[in-house]
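Student: I'd like a close look at a single part here, with its surroundings explained afterwards. Please give me the cut-offs as you go.

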Amino acid sequence: MKVSFHGQSVVRVETNEHTILIDPFISGNEQCDLNADSVKADVILLTHGHNDHVGDTFDIAKRNDALVVAPNELAEYFGGKGLNTHPMHIGGAHEFDFGKVKLTQAFHGSSYTEEDGNVIYAGMPSGILLTVEGKTIYHAGDTALFSDLKLIGEMNNIELAFLPIGDNFTMGPEDALVAADWVQANTVVPMHYNTFPLIEQNPDVFAAKVKTGKGLAMKIGDTIDL
C-alpha cells in the first residue's frame with residue numbers, strides 16, 4: 001500500500017485494487033500537485049463540508065463513478081446531486097471492499113458554500129480511521145486538540161497519523177504535538193498548513209519535535225510504503 005501527501009489535507013492511498021482520495025481539494029490549491037481533470041479514484045473519503053476539503057469531489061466522483069463516503073448530511077447532499085454515496089456518522093464503522101472506515105470526533109465546523117454563495121449545512125465534522133490490509137491510517141480532519149484523542153490512540157494501533165498544524169482554524173503545532181503523544185502513531189505527518197497566509201507553519205520544525213513515534217514532514221507528492 002502506498003500513501004502520498006498532496007498539500008493541505010489531500011491524501012491518496014493506493015492499494016493493488018483501489019485508489020482512495022481523502023479531502024481532494026485540488027483546483028485552487030497551489031500546494032497540490034494533482035490534476036483534478038485526470039486524477040483517478042475509486043473512493044473519496046470526506047472529513048467535513050468546507051470547500052477546502054470537499055474540493056473537486058463532485059467532478060472526480062462523476063468522472064470515475066467513485067463512491068463518496070462522508071458524514072451523513074454531506075453524503076445526502078452529494079447523493080441528491082447524483083453521486084454514489086455512503087453516509088456515516090461519528091462513532092460508526094463500516095467494512096467496504098477497499099477496507100474499514102470509522103469516523104471519529106473532530107472539533108471544528110462543517111458547511112459547504114455553493115458557487116452562488118448559498119451555504120449548505122453539512123453535518124458534524126469528523127476524523128477518519130481507515131484500516132486497509134491490516135494497517136490503520138488516522139486522518140484527523142480539521143480539529144482542535146481534545147482529550148478523546150487519547151482514546152483514539154489507546155483503542156487503535158495507528159500506523160500513520162495526519163494531524164493539522166496550521167493554527168487559527170485548527171490546532172497549531174504546540175497542540176498537535178500533544179495530539180501526537182496521545183494518538184501514539186508510529187509515524188506522524190503534519191497537514192493543513194501553508195495553503196494560505198493565515199496557516200503558515202514550518203512542518204520540519206514540528207516533525208523534529210514529535211516525541212511519540214516518528215515525525216515526518218512529507219513534501220508535496222511524497223509517497224511512503226506501508
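Which residue just after H2 takes a positive phi, and of about how many degrees?

Tutor: Happy to! The residue is Asp-65, which takes a positive phi of about 50 degrees just after H2. Before going on, note that this is a predicted model, in which local features need pLDDT of at least 70 and side-chain atom pairs count only at pLDDT 80 or more, while totals for chains, interfaces and linings use all residues. Residues are numbered from 1 along each chain as its sequence is written, and side-chain values use heavy atoms, with hydrogens and water left out.

Let's start with the helix that Asp-65 follows. Helices (H or I, at least four residues) and strands (E, at least two) are DSSP runs, numbered from the N terminus. Within H2, the buried residues are Thr-57, Ile-60 and Ala-61. Because these buried residues fall within an arc of 95 degrees when seen down the axis of H2, they line one face of the helix. The arc is taken from the directions that run from the helix axis to the C-beta atoms. As for the word buried, it means under 20% relative accessible area, with exposed over 50% and partly exposed in between (1.4 Å probe, protein chains only). The buried face of H2 packs against strand S3 (19-22), strand S4 (43-45), H1, S5 and H3. Contact here means heavy atoms within 4.5 Å.

H3 is worth the same treatment. Helix H3 spans residues 72-80, and its buried residues are Leu-74, Ala-75, Tyr-77 and Phe-78. They sit on the same side of H3, because their arc around the axis is only 160 degrees. Glu-76 and Gly-80, on the other side of H3, are exposed. The cover over the buried residues of H3 includes helix H1 (51-54), helix H2 (57-64) and strand S5 (67-71), as well as strand S6 (84-88), strand S9 (111-113) and strand S10 (119-121). A positive phi follows this helix too: Gly-82, just after H3, has one of about 100 degrees.

Beyond H3 there is a charged pair to look at. Side chains of opposite charge can pair when their charged atoms come close. Glu-114 and Lys-81 form a salt bridge, with the closest N and O atoms 3.7 Å apart. Glu-114 is in the loop between S9 and S10 and Lys-81 in the loop between H3 and S6, so this pair ties together parts that are 33 residues apart in sequence. The term salt bridge requires a side-chain nitrogen of Lys or Arg within 4 Å of a carboxyl oxygen of Asp or Glu. Glu-114 counts as buried at 17% relative accessibility, whereas Lys-81 is partly exposed at 40%. The whole structure holds 4 salt bridges, including one between Glu-14 and Arg-12, whose closest N and O atoms are 3.9 Å apart.

Further along the chain, 7 strands form an open sheet with mixed pairing, in the order S7-S8-S11-S12-S13-S14-S15. Strand S7 (93-96) and strand S15 (214-215) are its edge strands, each pairing on one side only. Two strands pair if DSSP finds at least two bridges between them. Inside the sheet, strand S8 (residues 99-105) pairs with strand S11 (residues 126-132) in the antiparallel sense over 6 bridges, and Leu-103 has Ile-128 as its bridge partner in S11.

Helix H5 (residues 173-183) lies across three strands, S12 (135-139), S13 (158-164) and S14 (187-191), and runs at about 160 degrees to S13. Axes for such angles are lines fitted to C-alpha atoms, for helices over the stretch in contact, and the angles run from 0 to 180 degrees between N-to-C directions. In the loop between H5 and S14 you'll find Ala-185, which is buried with a relative accessible area of 2%. Leaving aside neighbours within four places in sequence, its contacts include Ile-158, Leu-160, Ala-180 and Thr-212.

Finally, zoom out. The protein has 6 helices and 16 strands, and 53% of its 226 residues are buried. Its radius of gyration is 16 Å, which agrees with the value near 17 Å for a compact globule of 226 residues; that radius is taken over C-alpha atoms, and the globule rule is 2.2 Å times the number of residues to the power 0.38.
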